[in-house]
Amino acid sequence: MNEMYSMGLDLHSLGGGALLAVIFLNLFLLISYQDLKKYKRLNSIVLMPLTATVLGLMIFTGVIMMAAKHLDFTIENIVMIVISIALLVLEIKRAKALRYLNEKKERAFDAYKPFARRIYQIEFILVLLISLWMWIV
């Protein structure tokens with residue numbers, strides 16, 4: 001049982017690093033793309049499924065670890081749950097804003113970029129802080 005728990009912790013920790021990498025990739029591609037239509041296509045085909053998969057991995061392994069600890073709620077677990085919900089809400093807001101962005105307007109993408117960049121930066125900081133907290137403690 002101990003080996004399974006430690007493997008679950010390792011997977012959860014690796015998932016945290018992967019989530020940081022995916023958020024950084026999203027931020028980098030947002031900054032580098034200039035064409036809204038190409039960015040929307042890339043986002044819908046690659047970035048959104050990748051982000052959802054890695055975030056799902058984090059939530060799933062977190063739930064498994066909580067079950068292994070017999071639902072023992074600690075302050076760390078509560079903070080992780082709150083951050084997971086915050087990440088989901090932020091991603092939904094960002095994706096919804098991108099979906100309803102008018103491709104025919106010239107400056108639509110330029111208006112969207114600061115909003116999305118701020119969301120990605122908030123997500124990156126949240127994940128980095130909770131990861132550092134868990135990796136150090």
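So, E103: buried, exposed, or somewhere in between? It's partly exposed, with a relative accessible area of 40%. Keep in mind that we're looking at a predicted model here.

Now, who does E103 pair up with? Its partner is K40, and the two form a salt bridge, with the closest N and O atoms 3.6 Å apart. I like this pair, since it links distant parts of the chain. E103 sits in the loop between α3 and α4, while K40 belongs to helix α2, which covers residues 36-68. Along the sequence they're 63 residues apart. And what about K40, is that one buried or exposed? K40 has a relative accessibility of 16%, so it counts as buried, the cut-off being under 20%.

How many salt bridges do we get in total? The count comes to 3. Let's go through the other pairs.

E91 and R94 meet through their side chains, at 3.1 Å from N to O. Both of them lie in helix α3, 3 residues apart, and that's about one turn of the helix. E91 and R94 are both buried.

Then there's D110 with R107, another salt bridge, at 2.7 Å from N to O. D110 is partly exposed, at 37% relative accessible area. R107, on the other hand, comes out at 60%, so it counts as exposed, since the cut-off for that is over 50%.

Okay, on to the helices. When two helices pack, people describe them by the angle between their axes and the distance between the axes. So take α3, residues 75-99, and α4, residues 108-136. Their axes come within 10 Å and cross at roughly 165 degrees. How do the two run relative to each other, then? An angle over 145 degrees counts as roughly antiparallel, so that's what we call α3 and α4. As for handedness, α3 passes α4 in a left-handed crossing. And what sort of residues make up that contact? There are 20 nonpolar ones and 5 charged ones, with no polar residues.

One last spot to find on your screen: L71, in the loop between α2 and α3. Its phi is near 55 degrees, which is a positive value in a residue other than glycine. Is L71 buried or exposed? L71 is exposed, with a relative accessible area of 54%.

Key: Residues numbered from 1 in each chain as written. Predicted model: local features only at pLDDT ≥ 70, side-chain atom pairs only at ≥ 80, totals over all residues. Heavy atoms only, no water. Axes fitted to C-alpha atoms, helices over the stretch in contact; angles between N-to-C directions. Helix = DSSP H or I, 4+ residues; strand = E, 2+ residues; numbered from the N terminus. Parallel < 35°, antiparallel > 145°, perpendicular 65-115°, else oblique. Left-handed = near helix turned anticlockwise from the far one by under 90°. Nonpolar A, V, L, I, M, F, W, Y, C, P; charged D, E, K, R; others polar. Salt bridge = Lys/Arg side-chain N within 4 Å of Asp/Glu carboxyl O. Buried < 20%, exposed > 50% of the residue type's maximum accessible area, 1.4 Å probe, protein only.
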